[in-house]
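Got the structure open in your viewer? Let's walk through it one selection at a time.

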Amino acid sequence: MPANGGASRDVKLVFYSEKYDYTKVVSISQLGNDVLFADNFDWLEPLIANYNEKSGKKIGDAMGEQNFSSNAPNPYSDANLKNDFPAALAAAGYTDLNASAKVLYPQANYMKHCKTDNETSLQFSPCTALESASNIVLDFDWFAHAKAGFIIDPVNLVAVIEGDGTFENGTKYSDVQKNQQVDGEFHWVHAKLNIVGATKDTKLNIVPDVCIKEDGSYNWKVKGVYRY
């Protein structure tokens with residue numbers, strides 16, 4: 001596919017099996033020169049390589065391995081990660097909104113969030129390059145984690161705007177983004193959200209919906225397991 005010098009290109013490929021009457025839709029996006037912020041978490045790679053070498057273990061990939069117990073060390077306390085992870089997270093543009101709980105865990109290459117009765121969100125500021133109020137699109141891929149028996153955690157996500165802008169629904173809170181709801185396997189879920197009136201001061205949080213209180217603040221101590 002040639003380089004994209006314009007807006008993002010989005011296409012869908014539809015595969016159909018007549019024999020099994022089964023349809024699979026694959027979405028493909030090619031980023032253009034209008035992208036304000038993009039991250040494939042490759043900044044984790046040197047941290048992962050260092051951990052793998054020095055620990056004698058391997059940071060896992062729960063999605064790729066389809067393994068809910070894939071190795072995910074705590075980068076705030078692990079001897080091979082704790083000296084480098086906080087600075088790398090900040091350099092990538094993120095703030096852990098519940099850093100004291102220490103419930104972020106690297107995978108190859110994405111971040112696992114939360115543990116039982118302890119939740120968090122990564123805040124990021126994608127719009128710092130904007131010179132005036134603009135309409136933007138937030139795209140991200142995610143999946144709900146699972147417990148023993150490969151039972152998918154009952155977590156759904158809401159994107160939250162801090163600062164300027166609203167979602168198409170006219171509020172600072174996106175519609176709820178539902179998880180894959182299929183026990184026994186992981187599936188990526190793609191979210192695409194339109195934001196109106198974003199500025200350089202707009203910040204975004206992606207939060208488990210159960211954490212959002214009526215007054216708009218967050219309860220990071222919700223009882224239950226809502227990992228993603």
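Start with an open sheet of 3 strands, whose order is β7-β12-β11 and whose pairing is antiparallel. β7 (134-142) and β11 are at the edges, each with a single partner strand, so one side of each has no neighbour in the sheet. Keep in mind while you look that this is a predicted model.

Now select β7 together with β12: the two run antiparallel and are joined by 8 bridges. For a landmark in that pairing, pick D139, which stands opposite K192 in β12. While the strands are on screen, a quick reminder: strands of a sheet pair through backbone hydrogen bonds, either parallel or antiparallel.

**Zoom out for a moment**

Show the whole chain as a cartoon and you should be able to count 3 helices and 13 strands. Along its principal axes, the C-alpha trace spans about 50 × 45 × 40 Å. What radius of gyration would a compact globule with 228 residues have? The value would be near 17 Å, and the chain has 18 Å, which agrees.

Switch on a surface next. The chain exposes about 12300 Å², and carbon and sulfur atoms supply 50% of that. Underneath, buried residues make up 41% of the 228 residues. If you display contacts with a separation of 6 or more, residues 24 or more positions apart account for 68% of them.

**Stop: β10 and β13**

Select residues 157-162, which are strand β10. This strand is mostly covered, with 5 of its 6 residues buried. Add β13 to the selection: β10 and β13 run antiparallel, with 6 bridges joining them. Within this pair, A159 stands opposite I206 in β13.

Stay in β13 (residues 203-208) and click on N205. Is N205 buried or exposed? N205 has a relative accessible area of 0%, so it counts as buried. Show its side chain along with that of Y218, and you'll find a polar contact of 3.0 Å joining the two. Then bring up the rest of the surroundings: leaving aside residues up to four places away in sequence, N205 touches L97, S121, L122, Q123, V158, A159, V160, E162 and Y218.

**Stop: helix α1**

Select residues 45-55 to bring up helix α1, and colour its buried residues, L47, I48 and Y51. Look down the axis of α1: the buried residues fall within an arc of 100°, so they line one face of the helix. What covers them? Show α3 (85-91) and β4 (104-107), which are included in the cover over the buried residues of α1.

Now spin the helix around. On the face turned away from its buried side, α1 carries the exposed residues P46, E53 and K54. Then step off the end: G56 follows α1, and its phi is positive, near 80°.

**Stop: some backbone oddities**

Head for the loop between β4 and β5 (110-113), where you'll find N109. Display the backbone here, since the peptide bond from A108 to N109 is cis, with omega near -10°.

Next, select K102, in the loop between β3 (94-96) and β4. Its phi is near 55°, a positive value in a residue other than glycine. K102 counts as partly exposed, at 39% relative accessibility.

For another positive phi, jump to Q181, in the loop between β11 (166-167) and β12 (189-198). Q181 is also a residue other than glycine, with phi near 55°. How accessible is Q181? At 58% relative accessibility, Q181 counts as exposed.

**Last stop: T116**

Finish in the loop between β5 and β6 (122-124), where T116 lies. T116 is partly exposed, with a relative accessible area of 44%. Set aside residues up to four places away in sequence, and T116 touches G224 and V225. To close, draw a distance between the C-alpha atoms of T116 and V103: these residues are 13 residues apart along the chain, and the two atoms are separated by 9.6 Å.

Technical notes
Residues numbered from 1 in each chain as written. Predicted model: local features only at pLDDT ≥ 70, side-chain atom pairs only at ≥ 80, totals over all residues. Heavy atoms only, no water. Buried < 20%, exposed > 50% of the residue type's maximum accessible area, 1.4 Å probe, protein only. Helix = DSSP H or I, 4+ residues; strand = E, 2+ residues; numbered from the N terminus. Arc of directions from axis to C-beta. Contact = heavy atoms within 4.5 Å. Polar contact = N/O pair within 3.5 Å; in protein donor to acceptor, adjacent residues only side chain to side chain. Rg over C-alpha atoms; globule rule 2.2 N^0.38 Å. Areas by Shrake-Rupley, 256 points an atom, 1.4 Å probe, with all protein chains shown as cover. Pairing = 2+ DSSP bridges.
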